[in-house]
Structure formats: structure tokens, C-alpha cells
Amino acid sequence: MNASPQTVSGTPPKVMLLIDGKPVESSTQEWREVINPATQEVLAAVPFATADEIDRAICSAHAAFEKWKRTSVGVRMRIMLRYQALVREHLPRIAKTLSAEQGKTLADAEGDIFRGLEVVEHACSIGSLAQGEFLENVAGGVDTYTLRQPIGVCAGITPFNFPAMIPLWMFPMAIVCGNTFVLKPSEQDPLSTMQLVELAIEAGVPPGVLNVVHGGKEVVDALCTHELVKAVSFVGSTAVGTHVYRLASEHGKRVQSMMGAKNHAVVLPDANREHTLNALAGAGFGAAGQRCMATSVIVFVGESHQWLPDLVAKAKLLKVNAGSEPGTDVGPVISRAAKARILALLETGVTEGATLTLDGRDISVRGYEDGNFVGPTIFSDVTTEMQIYRTEIFGPVLLVMSVPTLDDAIALVNSNPYGNGVGLFTSSGAAARKFQSEIDVGQVGINIPIPVPVPYFSFTGSRGSKLGDLGPYGKQVVQFYTQTKTVTARWFDDATVNDGVNTTISLR
Ligand code: NAD
């Protein structure tokens with residue numbers, strides 16, 4: 001299968017849909033350019049699929065479900081085993097595409113794919129993960145057991161910032177559980193996602209089991225409301241995720257929605273200074289701050305605020321350049337619109353009285369003068385009322401605050417509406433234990449700045465960063481992508497005593 005963009009001379013290559021196992025050129029009139037954020041080169045044109053194309057993709061998934069749900073666990077698992085080998089083999093090629101369309105450095109693009117690959121590896125354990133429960137003799141001669149059955153057509157809607165990892169959070173686990181899938185990748189960088197989809201077909205995912213439609217709001221709304229879709233997985237911003245959660249829930253779907261963030265890092269004066277500052281600079285400015293788990297607020301406790309000049313010095317050393325250039329630390333942000341939004345937010349920080357300790361606004365990168373670059377930026381003297389604190393900036397910007405005690409830091413973090421990730425930097429086990437117990441954030445790092453769990457655990461953002469109970473991957477996603485059925489069974493043989501007709505609830 002070749003779902004890669006198809007070139008017609010003089011026009012950008014067109015990104016294909018995938019319906020019923022075949023690449024399909026959309027008949028839509030609405031196309032959007034996929035643009036290299038370092039150069040503004042047009043890499044491809046992505047279609048906004050028509051209502052008929054979306055319906056065909058969902059119907060194909062629905063038809064394929066009948067056979068796929070009966071396909072043995074072993075067969076599904078072996079497809080995933082082939083898939084993980086193919087993704088590993090093609091990782092360097094996909095990373096180049098990802099870096100070109102998204103802007104992150106080549107090394108970080110490889111990391112993006114690798115974290116997704118780990119989920120594919122985990123999907124190969126479905127034989128253990130999807131087992132039910134059994135209890136013998138719950139009443140006289142009666143046994144109870146549970147079955148985990150696939151739920152049907154599942155849909156996935158993914159953001160621009162991890163075009164490999166996040167699609168791989170979704171469709172491998174959904175499919176290996178026996179469901180079929182319709183994926184709607186980010187329209188800003190769908191090319192690497194499509195390369196991963198091609199490999200899934202090459203690995204043996206049958207026609208209709210995995211389909212792809214491209215587009216924006218209309219496509220997403222169609223997936224959330226179509227009667228044949230049973231579950232929706234969303235990752236993206238809070239505004240869109242809340243809309244998706246409400247719309248799909250109203251239409252009777254099971255929904256998981258992973259959304260925006262404002263991740264704090266709390267620094268105690270007893271922390272290892274060098275390790276901590278390296279971690280904070282990496283987590284704040286890596287991927288140009290466009291990670292949902294990026295550190296965006298540093299809370300210095302007590303004397304640790306004296307470390308600020310060292311943090312600024314580290315940030316100044318970071319090399320801002322195109323992701324394809326060797327030695328780059330910070331690439332461009334995804335689009336001109338994203339850069340304009342970030343700069344407007346930084347302006348509010350200045351006017352609202354924060355101190356612009358490091359100003360990355362006017363950066364120019366030689367050879368990439370048209371790139372969407374924002375240099376590492378640090379605001380200190382930030383307060384909770386400021387827009388830069390209340391809004392997810394999603395750029396290479398660190399806000400710095402200072403509080404007298406650990407209790408103050410915990411209260412500050414807990415009063416922020418988001419609950420995706422938080423870090424504590426300390427050498428005190430007692431402080432760490434108090435923090436992990438009292439902090440109201442879903443994912444906690446102790447001397448770890450970006451505590452995204454490995455795939456054997458689940459991604460567990462909370463509060464304003466998540467809607468729905470069950471997170472991506474790990475054991476939780478097997479619950480999300482399956483319906484539990486409880487069977488209570490009794491078998492008679494000649495020795496079974498005949499109790500006659502009983503019209504009361506049994507007390508045995
Ligand atoms: P986004 O919400 O703009 O887009 C996400 C998806 O929704 C895309 O596929 C997009 O096409 C679609 N979409 C956009 N506008 C829509 C609308 N009005 N109605 C319906 N669908 C719409 O997010 P983004 O800018 O691509 O990604 C960045 C955001 O994602 C950040 O807020 C980041 O924190 C968040 N994110 C969260 C996690 C997490 O696990 N919590 C992980 C990665 C990214």
C-alpha cells in the first residue's frame with residue numbers, strides 16, 4: 001500500500017485518505033498546505049474529507065469489525081509483532097519526515113517515534129493484558145467470570161505536537177483488542193503519521209481495520225456523532241477536547257480526552273543544583289516548549305530562587321536552528337499563527353508587569369530567516385493573575401515564581417486548573433513523600449522533569465487536563481477499548497439436587 005503523498009507536476013503532493021485498505025484521493029475542494037516550519041516550503045496538500053468519504057471510512061471499519069473481532073488473539077498479536085519490527089526498521093526515515101513537517105530536531109523526532117513504538121511493543125502483550133476474571137463456586141455450583149470483548153468502531157483524533165507517538169498510543173491498542181479504527185491525524189503534520197499507517201498495512205492489518213480521514217472540525221464532529229462509532233480517543237487542546245468530550249458523550253460514545261496543561265516544577269534548596277537546572281532547561285525549551293508535559297512554570301522554594309541566573313545562563317547556551325541541522329536544541333514552532341499567538345502572549349506578560357529576564361522574541365536564524373523561531377524566553381516575578389500564567393503558551397517560555405515553603409508551592413500548584421504533570425526537585429525523601437501524597441496532579445516526577453510513564457503504566461493526567469476516567473495505553477486503555485461482560489453460569493448433572501421452583505432471592 002502506498003498512502004504517501006502523490007505528486008502531480010507543479011502542485012504539491014496530495015496526502016491520501018485510507019479507506020478499506022486502499023489509498024484514496026479525496027474529491028474535496030478544501031485542501032490545506034503542510035508546511036516546513038523552518039523554511040515555509042510546502043511539503044504536501046492535505047484534504048478536508050467530504051461527508052461521504054468519512055461515512056465510507058466508518059462503514060468500512062464497521063464491516064471489517066465482524067471478521068476482525070473473531071480473529072484470534074494470537075493472529076492479532078503477531079501482526080503487532082511484525083508492526084513493531086517494521087516501525088523500528090523505518091524509524092530513521094520517518095524521523096526525517098517528522099522533523100521536516102513538525103520542526104523538532106531529528107533526535108527528538110526519533111524519540112517521538114520511539115515512545116510510540118514502545119506502545120506497539122506493549123500491544124504485543126495483549127494475551128496477558130485482556131484476560132478476564134474467574135471465580136469458581138460463587139454460590140452452590142455457580143461460577144462467575146468476565147469476558148473482555150471489543151466494542152466496535154473506535155475513532156482517534158490527534159494533535160500536531162507528537163504526530164508519531166500519539167497516533168501510536170491509539171490505533172495499535174484499539175486494533176489488538178479486536179476493534180476497528182478510524183484515525184483523524186493533525187492536518188498540520190500528517191505525513192509521518194501516514195508513513196506509520198502504511199507500515200501497519202504492510203504488517204498485515206486487514207482492509208477496513210484501520211482507516212484514515214483528514215480534515216478539521218467538520219471531520220471531527222462527524223466522527224463524534226456517527227451512529228456506528230462506539231468510542232472516541234482525543235488528544236489536543238482543552239477547548240477542542242472539551243467540545244469533543246461533550247459532543248461524543250451526548251451521542252452515546254465512550255470518550256477519553258487528553259488536553260492542555262500548565263506543568264509546574266517545584267525546586268527545593270536541597271536539590272542537586274546542576275542536575276535540576278539542566279532538567280528544567282531541557283524540559284522547558286525542548287521541542288520548542290510544544291510538549292503537553294513540558295515544564296512551563298518553575299516554583300523556586302526559599303533560597304533556591306538564587307539559582308535563576310544559572311538557569312538563564314543555561315538557556316542562553318541553547319542553539320536555536322532548523323531541526324534538521326546538527327546540534328540544534330530548539331527548533332521552530334509549528335506555524336506562523338502559533339508564533340504570532342506566542343508573541344502576543346509574551347507581550348501581555350510585559351504589559352502586566354512580569355520581568356522579562358531572557359527575551360527570545362527577536363531571534364533570527366541564519367539561513368532560515370523565514371522560520372517560525374522563538375528563542376528561549378524566561379519571565380520572572382510572575383503572579384497567578386497574569387495571562388501568561390493562566391494560559392498554556394505552548395512555546396519555549398519558562399515562567400519563574402518564588403514561594404517561602406513547600407506547603408506554599410503545593411497550594412499554588414493545586415489551585416491551578418490543570419493537572420497533567422508536575423515535578424519536585426529535592427534530595428529529601430520526606431519532602432518527596434509529602435509532595436506525592438498532597439499534590440493534586442495526575443503525573444508526578446521526583447527529580448524527573450517530564451514524568452510520562454512507560455507504556456506498561458497508563459498516561460494519567462487529571463483535573464483540567466483530562467476528561468474521561470481511563471487514560472491512554474497501559475492497562476487502562478485495555479479497559480477503554482473493551483466491554484466487560486460478566487457471565488454467571490451453572491451446569492446440571494444427574495447428581496444436582498432439584499430444588500423445585502424458587503420465587504425468592506437466594507440467600508446462599
Ligand atoms: P488542537 O486541539 O488544536 O487539535 C487537536 C485535533 O483537533 C486536531 O486533529 C485538529 O484537527 C482537531 N481540531 C482543531 N480544532 C477543532 C475544532 N474546533 N473542532 C473539532 N476538532 C478540532 O490541538 P493542537 O494544537 O494540535 O495540539 C496542541 C494541544 O494538545 C496542546 O494544548 C497540548 O497540551 C495538547 N496535548 C495534550 C496531550 C495530553 O496527553 N494531555 C498530549 C499532546 C498534546
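Biologist: How much space lies in the second largest cavity?

Modeller: This is a predicted model in which local features need pLDDT of at least 70 and side-chain atom pairs count only at pLDDT 80 or more, while totals for chains, interfaces and linings use all residues. Residues are numbered from 1 along each chain as its sequence is written, and side-chain values use heavy atoms, with hydrogens and water left out. A cavity is a set of points, on a 1 Å grid over the protein atoms alone, where a 1.4 Å probe fits but cannot get out, and lining residues have an atom within 4 Å of a point. With volume taken as the space filled by probe spheres set on the points, which are joined across faces, edges and corners, the second largest cavity holds about 50 Å³.

Biologist: What is the volume of the largest cavity?

Modeller: Among the 16 residues that line the largest cavity, those closest to its centre include Gly289 and Phe394. The count comes to four cavities of 30 Å³ or more, and the largest cavity has a volume of about 130 Å³.

Biologist: Which residue has a polar side-chain atom 2.6 Å from an oxygen atom of the ligand, besides glutamate 187?

Modeller: A polar contact is a pair of N or O atoms within 3.5 Å; within protein, one must be able to donate a hydrogen and the other to accept it, and residues adjacent in sequence count only if both atoms are side-chain atoms. A polar backbone atom of glycine 236 lies 3.3 Å from a ligand oxygen. The side chain of glutamate 187 places an N or O atom 2.6 Å from a ligand oxygen, and the other residue with a polar side-chain atom at 2.6 Å is glutamate 392.

Terms used. On a 1 Å grid over the protein atoms alone, a cavity is a set of points where a 1.4 Å probe fits but cannot get out, and a pocket is an open set with protein on both sides within 12 Å along at least five of seven lines; lining residues have an atom within 4 Å of a point.
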